[in-house]
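Subject: Structure handover

Dear colleague,

I am passing on the structure that you asked to look at, and below it I have written out what was found, one region after another. Please keep the structure open beside the text while you read.

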Amino acid sequence: MNTTWILAADGTRARIFEMMDGKNLHELDDLMNPHGRDQNRDINTDEDFRSHGGGTAAHKLAGHDYEPDVSPVQHEEIKFAKRIGEYLDKASLEHKFDDLCVIAPSEFMGRLRENMGQHAKQAIKEELVKDISWFSEAEVAKYVQQHMH
């Protein structure tokens, strides 16, 4: 029996669905980013994650990870993508799924790719660029049926 997990995510919410042999999709988990709908001014931060010196890669400073020139909202989305990536990699290592389909808007898809471990990345069979994290379970099932190969 082939188990496929479908991740429907955006910067505020990540829903994990399971489908056995291409049938009967059901929701397993619903992860929330508590700062996902905040505005930059609403997030209280000490700014140790910011860099104003340029650069393109994440760096280490005084033992803290930080991203160059990212807003507080973007920083929270990166942390959320890391949390999702760790969740999926652990589940992959535990053989909870065989295949993975990732459905996310373009920018967040990139964040997921950057923060997903090798095990979860190897399980990805399909990526669909669309924000359906807010769809009902029935709407997600219909979307997956129509668009997943």
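His95 counts as exposed, because its relative accessibility is 69% and anything over 50% is placed in that class. Please bear in mind from the start that this is a predicted model. The place of His95 is in the loop between α1 and β6, and its phi is near 55°, which is a positive value in a residue other than glycine. Most residues other than glycine have a negative phi, and that is the background against which you can read this angle. Asn24 also has a positive phi, in its case near 50°, but Asn24 is found in strand β3. With a relative accessible area of 68%, Asn24 is exposed.

The helix that comes just before His95 is α1, which covers residues 72-93 and has 22 residues. From its first C-alpha to its last, α1 reaches 32 Å, close to the 32 Å expected at 1.5 Å a residue. When you follow the side chains along a helix, it helps to remember that an α-helix has 3.6 residues a turn, so residues three or four places apart point the same way.

Next, please turn to the sheet. Which strands form it, and in what order? It is an open sheet of 5 strands in the order β3-β2-β1-β6-β7, and the pairing is mixed. In general, strands of a sheet pair through backbone hydrogen bonds, either parallel or antiparallel. The edge strands here are β3 (23-32) and β7 (124-129), each of which pairs on one side only. Neighbouring strands of this sheet are turned against each other by 20° on average, if direction is ignored. As one detail of the pairing, strand β2 (residues 13-20) and β3 run antiparallel and are joined by 7 bridges, and Arg15 stands opposite Asp30 in β3.

Both of the helices discussed here can then be placed against these strands. Helix α1 lies across β1, β2, β3 and β6 (99-104), and it runs at about 135° to β3. Helix α2 (residues 106-115) lies across β1, β6 and β7, running at about 140° to β6.

Finally, there are the aromatic rings, of which the structure holds 5 pairs. In one of them, Trp5 and Tyr87 form a tilted pair, with 6.3 Å from centre to centre and 35° between the planes. This pair links distant parts of the chain, since Trp5 is in strand β1 (residues 3-9) and Tyr87 is in helix α1, 82 residues apart. Are Trp5 and Tyr87 buried or exposed? Trp5 counts as buried, because its relative accessibility is 5%, whereas Tyr87 counts as partly exposed at 27%. A further pair is that of Trp134 and Phe135, whose ring centres are 4.8 Å apart and whose planes stand at 85°, so the pair is edge-to-face. Within this pair, Trp134 counts as exposed at 57% relative accessibility, while Phe135 is buried, with a relative accessible area of 15%. Trp5 and Tyr87 also belong, together with Phe97, to one aromatic cluster.

With best wishes

Methods. Residues are numbered from 1 along each chain as its sequence is written. This is a predicted model: local features need pLDDT of at least 70, side-chain atom pairs count only at pLDDT 80 or more; totals for chains, interfaces and linings use all residues. Side-chain values use heavy atoms; hydrogens and water are left out. Helices (H or I, at least four residues) and strands (E, at least two) are DSSP runs, numbered from the N terminus. The expected span of a helix is 1.5 Å times one less than its number of residues. Rings of Phe, Tyr and Trp (its six-membered ring) pair if their centres lie within 6.5 Å; planes under 30 degrees apart count as stacked, over 60 as edge-to-face and the rest as tilted. Buried means under 20% relative accessible area, exposed over 50%, partly exposed in between (1.4 Å probe, protein chains only). Two strands pair if DSSP finds at least two bridges between them. Axes are lines fitted to C-alpha atoms, for helices over the stretch in contact, and angles run from 0 to 180 degrees between N-to-C directions. Contact means heavy atoms within 4.5 Å.
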